[in-house]
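Q: Let's go through the labels on this model one at a time and check each against its cut-off. Please start with the strands.

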Amino acid sequence: MADNDDVSSNLRSVLESSPQPILMKRLNHEYKILIGVDIPFRDLGFENIEYYLKSIPHVVRLCPNNRGELCCEAVKIKATAHVSSLVSGQKTSKSSRGSKVSSFSSKRPSSFSSSYRGSYRPTSIRQIGRAHV
């Protein structure tokens with residue numbers, strides 16, 4: 001059986017890892033990605049996820065977005081304020097999509113020429129040894 005303290009702690013971690021509020025309908029998906037299991041609200045005695053979230057106002061704040069959909073935000077606490085400030089400073093994926101500069105080089109090493117890709121395939125181990133001599 002799930003422990004409420006563990007679940008609420010994991011939930012806080014999920015919410016604080018996102019710089020933006022998470023739609024309530026996406027929260028279980030995000031939780032499962034990070035924690036590996038669904039939010040066990042039924043094991044904790046709740047009929048649905050909304051009732052569970054409303055029972056832990058010290059962890060999560062529910063607020064409607066501009067479309068009227070419920071979103072979830074972590075309630076800020078002193079112990080994790082530094083994490084929240086780091087996450088809020090992250091770039092969102094929307095802004096990085098338009099960026100022309102990649103965070104890593106996709107170029108192949110200069111020793112690898114794309115013109116040779118797939119053109120030579122040794123048929124035996126002996127040919128592999130001869131090719132490197």
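A: Two strands pair if DSSP finds at least two bridges between them. Strands themselves are DSSP runs of E, at least two residues long, and helices are runs of H or I, at least four long, both numbered from the N terminus. With that in hand, Arg61 stands opposite Glu73 in β3. One caveat before going on: this is a predicted model, where local features need pLDDT of at least 70 and side-chain atom pairs count only at pLDDT 80 or more, while totals for chains, interfaces and linings use all residues. Residues are numbered from 1 along each chain as its sequence is written, and side-chain values use heavy atoms, with hydrogens and water left out.

Q: What makes β2 and β3 a pair?
A: They share five bridges in the antiparallel sense, so they pass the pairing test. Among the facing residues, Leu62 sits opposite Cys72, and Cys63 is across from Cys71. The two strands make a hairpin with five residues between them, and Gly68 in the turn has a positive phi of about 85°.

Q: How do you know that β1 and β3 pair?
A: Two antiparallel bridges link β1 and β3, so the pair just meets the minimum. Here, Leu23 has Cys71 in β3 as its bridge partner.

Q: Which are the edge strands of the sheet?
A: The open sheet has three strands in the order β1-β3-β2, with antiparallel pairing. That puts β1 (22-23) and β2 (60-64) at the edges, each pairing on one side only. Helix α1 packs on this sheet and touches β1, β2 and β3, its direction making about 100° with that of β3.

Q: Why is α1 called roughly perpendicular to α2?
A: In general, two packed helices are described by the angle and the distance between their axes. The axes of α1 (residues 4-16) and α2 (residues 24-35) come within 10 Å and cross at roughly 100°. Angles here run from 0 to 180 degrees between N-to-C directions, with axes fitted to C-alpha atoms, for helices over the stretch in contact. The bins are under 35 degrees for roughly parallel, over 145 for roughly antiparallel, 65 to 115 for roughly perpendicular, and oblique for the rest. So α1 lands in the roughly perpendicular bin relative to α2.

Q: Which residues of α1 and α2 meet?
A: From α1 it's Val7, Asn10, Leu11, Val14 and Leu15, facing Leu27, Glu30, Tyr31, Leu34 and Ile35 of α2. By class, this contact has eight nonpolar residues, one polar and one charged. For the record, Ala, Val, Leu, Ile, Met, Phe, Trp, Tyr, Cys and Pro count as nonpolar, Asp, Glu, Lys and Arg as charged, and the others, Gly among them, as polar.

Q: Why is Ile39 called buried?
A: Its relative accessible area is 4%. Buried means under 20%, exposed over 50%, and partly exposed in between, with a 1.4 Å probe and protein chains only. So Ile39 is buried, even though its place is in the loop between α2 and α3. Leaving aside residues up to four places away in sequence, Ile39 touches Val7, Leu11, Leu27, Asn28, Tyr31, Ile49 and Tyr52, where contact means heavy atoms within 4.5 Å.

Q: What makes Lys76 count as exposed?
A: Lys76 has 60% relative accessibility, so it counts as exposed. You'll find Lys76 in the loop between β3 and α4 (81-88).

Q: What is in the largest nonpolar core?
A: A core is a set of buried Ala, Val, Leu, Ile, Met, Phe, Trp, Tyr and Cys residues joined through side-chain atoms within 4.5 Å. The largest one has 19 residues, and those with the most contacts inside it are Leu11, Leu15, Leu27, Ile39, Tyr52 and Leu53. Elements giving two or more residues are α1, α2, α3 (49-54) and β3 (70-74). The largest share, four residues, is from α1.
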